[in-house]
Amino acid sequence: MEEKKLEESTGASLFGRSMDLMNDDPLEEIFALNLGDFISECLISDDLAQKIGKSEKDKKDKTESLKNQLKELVSIYSLDNTLCVLGFNSKEDYVIYNSIAKTISQMLDVDACHVYLTKDFAKGLDTENHDLLLVGSSIDFKDDIYKENIGYNLDEHAFVAEAFNTRDIVEIKNPNNNPEFRPNKSLFEDKVKLLSAIPMSNNAYNVGVVVVESYSERTFKPELSKLIVSMARLFATSMSLQKTIDEVNNLLSDENAGMIDLQHMRAELTALIGDLGDEQQIFVTLLAKAVDAKGEYKVAHSQLTADLSRLICKNLKLNEKTSDLIYYAGLLQNVGKITLPEDLFNHGGKLTKEDWEKLQNHPNVGVNLLMNINFLSEVIPYIHYHKERWDGRGEPEGLSGMSIPLGSRIIAIADAYTALTSERPFRKAMSKEKALDILKEEAGIKWDPVIYEALTKVV
């Protein structure tokens with residue numbers, strides 16, 4: 001079932017992706033490098049292994065080889081290099097959860113968001129009274145949020161506990177009319193008109209619940225709801241990976257660790273790394289769709305920009321890896337818009353100075369959001385500089401000409417062409433010819449003239 005879901009989400013099956021991604025996917029390369037080990041460890045019988053004549057030295061070498069592989073994986077997917085919020089040991093560290101809750105509330109344009117974690121994942125906090133503890137909130141508390149000691153037990157008749165136990169989304173309209181709802185006044189839940197509890201779970205662990213609340217009667221756009229579900233799974237997978245890394249480190253420090261334990265841990269670790277990669281790609285795709293939905297595009301603007309960027313790359317005969325990175329940059333170049341109010345996107349009149357500042361600064365919001373998704377780290381410069389101009393009069397650094405990253409120059413003109421030829425709430429779509437004429441006037445001013453020529457050949 002999970003394979004089916006992934007196939008529907010990404011357009012490719014788990015098993016059909018391997019050959020295509022062998023040269024670019026670190027996980028596939030890891031499996032390829034270890035294929036000989038896998039065959040000898042899992043497919044050769046003990047009798048045959050004895051006939052081959054493995055010595056004790058070989059076994060020691062094999063153990064050391066496994067340990068080295070685990071150490072390498074741990075170094076790559078350590079706490080500092082992945083989208084991860086696990087590993088905190090003090091209350092001060094948990095402020096990141098408040099930031100996460102505020103970002104989610106901005107994404108959905110809701111009044112409040114709260115994040116609950118289980119005892120196992122809420123290290124450094126007093127968890128004696130609750131199975132699920134509030135670790136972050138979009139609400140600004142006057143005092144320490146943790147002094148409130150807000151949480152739930154799993155045997156309670158509460159919507160948060162139900163979402164955790166069933167691993168299903170629980171959405172309730174007018175929850176205050178439900179006798180099972182006990183509003184927490186510290187969280188202003190007596191005002192809530194719509195409550196949605198989303199489990200943070202994956203195949204390995206059930207780590208907590210994200211709760212979003214609106215004080216007015218409304219519904220969430222499907223694209224935004226799917227994004228929050230994906231984000232919850234991404235956090236759960238990342239936290240599961242870090243928990244497994246802790247277990248790996250404990251095993252590596254055990255001098256008596258045997259081959260079977262090491263093999264088992266490597267299998268578990270590589271499986272979680274694969275899951276993390278899958279969840280990241282699903283999250284990125286849904287993030288782009290959510291941006292388009294919030295911007296009221298009648299077409300998939302981000303997807304069209306990414307596809308057009310890839311065509312330009314092909315015309316310029318760029319290598320596959322560079323083309324892929326530019327494709328992702330095109331998909332996410334407007335990601336900062338997800339945290340801006342929807343009325344800014346649908347504004348048909350004159351924007352205020354404050355409105356313009358929000359819009360002009362939005363790529364920086366997106367860059368901050370992307371910083372912790374390690375497999376996308378290389379696209380950050382492309383996104384960060386895609387508002388630069390060929391003549392050096394752009395933002396944020398005033399770069400000019402060839403000093404602007406190639407990927408930025410490509411997604412900039414692809415984004416502009418897609419915007420001109422797409423219908424928006426405040427204007428009709430332009431024809432291809434008119435859009436190209438407008439861009440031609442600015443070639444050598446805003447746009448790289450070589451990339452403009454490539455654009456004319458691929459549209």
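## Two cavities

About 70 Å³ of space lies in the largest cavity of this predicted model. Which residues sit closest to its centre? Of the 13 that line this cavity, they are Glu 388, Arg 409, Ala 412, Lys 446 and Trp 447. Sort the lining of the largest cavity by class and you get six nonpolar, two polar and five charged residues.

A search of the whole structure turns up two cavities of 30 Å³ or more. The second largest holds about 30 Å³ of space, and its lining is made up of Tyr 97, Ile 100, Ile 104, Val 115, Met 200, Val 210 and Phe 235. How does that lining divide by class? It has seven nonpolar residues, with no polar and no charged ones. Helix α7, covering residues 95–108, gives the most to this lining, with three residues.

## The overall build

Stepping back, the protein has 19 helices and six strands. It runs to 459 residues, and 47% of them count as buried. Take the contacts with a separation of 6 or more, and 65% of them come from residues 24 or more positions apart.

The largest nonpolar core takes in 114 residues. Those with the most contacts inside this core are Tyr 116, Met 200, Leu 269, Ile 312 and Leu 439. Met 200 is a name to keep in mind, as it also lines the second largest cavity.

## Around helix α11

Ile 312 is one of the core residues just listed. Leaving aside its neighbours within four places in sequence, Ile 312 touches Ile 410, Ile 413, Ala 414, Ile 451, Ala 454, Leu 455 and Val 458.

Ser 309 belongs to helix α11, residues 301–315. Is Ser 309 buried or exposed? Its relative accessibility is 0%, so Ser 309 counts as buried. What does its side chain have for polar company? A polar atom of the Ser 309 side chain lies 2.8 Å from the backbone oxygen of Thr 305. Beyond four places in sequence, Ser 309 is in contact with Ile 326, Gly 330, Ile 410, Ile 411 and Ala 414. Ile 410 and Ala 414 also turn up among the contacts of Ile 312.

## Ala 236, Asn 202 and the β5–β6 loop

Ala 236 has its place in helix α9, residues 222–252. With a relative accessible area of 0%, Ala 236 is buried. Setting aside neighbours within four places in sequence, Ala 236 is in contact with Met 200, Ser 201, Asn 202 and Val 207. The C-alpha atoms of Ala 236 and Asn 203 are separated by 9.3 Å, and these two residues are 33 apart along the chain.

Asn 202 is in the loop between β5 (194–201) and β6 (206–214). Although it is a loop residue, Asn 202 counts as buried because its relative accessibility is 5%, where the cut-off is under 20%. Which side chain does Asn 202 pair with in a polar contact? The partner is the side chain of Ser 240, at 3.3 Å. Apart from neighbours within four places in sequence, Asn 202 is in contact with Arg 167, Arg 233, Ala 236, Thr 237, Ser 240 and Leu 272.

## Backbone oddities in loops

Arg 167, one of the contacts of Asn 202, is found in the loop between α8 (159–166) and β4 (170–173). Phi of Arg 167 is near 60°, a positive value in a residue other than glycine. Why does Arg 167 count as partly exposed? Its relative accessibility is 38%, which falls between the cut-offs of 20% and 50%.

Lys 317 has a positive phi as well, near 60°, and it too is not a glycine. Lys 317 is located in the loop between α11 and α12 (320–332). At 72% relative accessibility, Lys 317 counts as exposed.

Where is the cis peptide bond? It runs from Glu 395 to Pro 396, with omega near 5°. Pro 396 is placed in the loop between α16 (380–384) and α17 (406–420).

Technical notes
Residues numbered from 1 in each chain as written. Predicted model: local features only at pLDDT ≥ 70, side-chain atom pairs only at ≥ 80, totals over all residues. Heavy atoms only, no water. Helix = DSSP H or I, 4+ residues; strand = E, 2+ residues; numbered from the N terminus. Buried < 20%, exposed > 50% of the residue type's maximum accessible area, 1.4 Å probe, protein only. Polar contact = N/O pair within 3.5 Å; in protein donor to acceptor, adjacent residues only side chain to side chain. Contact = heavy atoms within 4.5 Å. Core = buried A, V, L, I, M, F, W, Y, C linked by side-chain atoms within 4.5 Å. 1 Å grid on protein atoms, 1.4 Å probe; cavity = no way out; pocket = protein on both sides within 12 Å on 5 of 7 lines; lining within 4 Å. Points joined across faces, edges and corners; volume = space filled by probe spheres on them. Nonpolar A, V, L, I, M, F, W, Y, C, P; charged D, E, K, R; others polar.
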